[in-house]
Amino acid sequence: MEKMIYLISDTFFGRHSKAKERGFSSTEEMQNAMINAWNEKVKDSDIVYHLGNFAWDVISAENALMNLNGTINFLPSTYDLAIKEISHEVFDGVSVIENGIYVIESLDLVLSPWPLKNWPGKSHNVLHIHGGDKRHKANLIKELRFNANCDLWSLAPISLESLLEVIETFKEI
């Protein structure tokens, strides 16, 4: 079975205001729904890049990490104090990438927790996927950039394969 790569950001597990904004009656309801949505897509053998704002508190972060499928690589952002606090704990398949910008040359891909105006390889059609404010949506006419904010993708990770298909479809138009 081939490993899939998924991307997501701004899950904010445990944040009451996000649960309310997303139409849930409680943070527990939001967390359970989002974990289920994640695990419906992501298998244990898959790789996930979480591009910032994972959880609001340590308890919510630990609970989510114990229940989410995949090998999860975190690029921490502003509200990732919980991930930073528990990053020393041992969770199988979890790593933290501290430098803020992560380049995967073999995939022509640049990841970050926030949108970059300029990124390595931008002029050579390198794809930039970021987290952050959901107002920063893709505009493929201007640049190869996608926002992985879960509010834009049905509160679940989006596969890199799906994003590449969108780009190919766009090129055909």
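Q: Where does Asn69 lie?
A: You'll find Asn69 in the loop between H3 and E3. Keep in mind that this is a predicted model.

Q: Why is Asn69 called buried?
A: Its relative accessible area is 19%. Buried means under 20%, so Asn69 gets the label with its 19%.

Q: Which residues is Asn69 in contact with, leaving aside its neighbours within four places in sequence?
A: Asn69 touches Trp38, Asn39, Val42, Lys43, Asp44 and Val48. To count as a contact, heavy atoms have to be within 4.5 Å.

Q: Let's move to helix H3. Which of its residues are buried?
A: In H3, which runs over residues 58–67, the buried ones are Ser60, Ala61, Ala64 and Leu65.

Q: What puts them on the same side of H3?
A: Look at the arc they cover around the axis: only 130°, which is why they end up on the same side of H3.

Q: What does the face of H3 turned away from its buried side carry?
A: That face has the exposed residues Ile59 and Met66.

Q: And what covers the buried residues of H3?
A: The cover includes helix H2 (27–41), strand E3 (71–74), helix H4 (81–86) and strand E4 (94–96).

Q: What reaches the backbone nitrogen of Ile59 at the start of H3?
A: A side-chain oxygen of Asp57 does, coming within 3.1 Å of that nitrogen. The cut-off for a polar contact is 3.5 Å, so a pair within 3.1 Å fits.

Q: On to the strands. What makes both faces of strand E7 covered?
A: On one side of E7 (residues 127–130) sit Leu127 and Ile129, on the other His128 and His130, and all of them are buried.

Q: How do you know that strand E6 and E7 pair?
A: Count the bridges: E6 (residues 109–112) and E7 have 4, in the parallel sense. Pairing takes at least two bridges, so 4 bridges will do. Within this pairing, Val110 stands opposite His128 in E7.

Q: How many bridges join E7 and strand E8?
A: There are 3, again in the parallel sense, and E8 covers residues 145–147. Here His128 stands opposite Arg145 in E8.

Q: How many salt bridges does a search of the whole structure find?
A: It turns up 8.

Q: Why is the link between Arg22 and Asp151 called a salt bridge?
A: Their closest N and O atoms are 2.8 Å apart. The cut-off is 4 Å, so 2.8 Å passes. This pair links distant parts of the chain, 129 residues apart: Arg22 is in the loop between helix H1 (16–21) and H2, and Asp151 is in the loop between E8 and strand E9 (158–159).

Q: Why do Arg22 and Asp151 get their labels for accessibility?
A: Arg22 has 14% relative accessibility, so it counts as buried. Asp151 has 24%, so it counts as partly exposed. The boundary for buried is under 20%.

Q: Which residues are linked with Arg22 and Asp151 in a network of salt bridges?
A: Lys18, Glu21 and Lys134 are linked with them.

Q: What makes Arg135 and Asp133 a salt bridge?
A: Their closest N and O atoms are 2.4 Å apart, and that falls within 4 Å. Arg135 counts as exposed because its relative accessibility is 70%, and exposed means over 50%. Asp133, at 32%, is partly exposed.

Q: Are Glu143 and Arg145 buried or exposed?
A: Both are buried, and their side chains meet in a salt bridge of 2.8 Å, N to O.

Q: Last topic: rings. How many aromatic pairs does the structure hold?
A: It has 7.

Q: Why is the pair of Phe54 and Phe74 called edge-to-face?
A: The angle between the planes is 75°, with 4.8 Å centre to centre. Edge-to-face means over 60 degrees, so 75° earns the name. Phe54 lies in the loop between strand E2 (47–50) and H3 and Phe74 in strand E3, so the pair ties together parts 20 residues apart in sequence. Both Phe54 and Phe74 are buried.

Q: And why is the pair of Trp56 and Tyr79 called tilted?
A: Their planes are 45° apart, with 5.5 Å centre to centre. Tilted is what remains when the angle is neither under 30 nor over 60 degrees, so 45° counts as tilted.

Terms used:
Residues numbered from 1 in each chain as written. Predicted model: local features only at pLDDT ≥ 70, side-chain atom pairs only at ≥ 80, totals over all residues. Heavy atoms only, no water. Buried < 20%, exposed > 50% of the residue type's maximum accessible area, 1.4 Å probe, protein only. Helix = DSSP H or I, 4+ residues; strand = E, 2+ residues; numbered from the N terminus. Arc of directions from axis to C-beta. Polar contact = N/O pair within 3.5 Å; in protein donor to acceptor, adjacent residues only side chain to side chain. Phe/Tyr/Trp six-rings, centres within 6.5 Å; stacked < 30°, edge-to-face > 60°.
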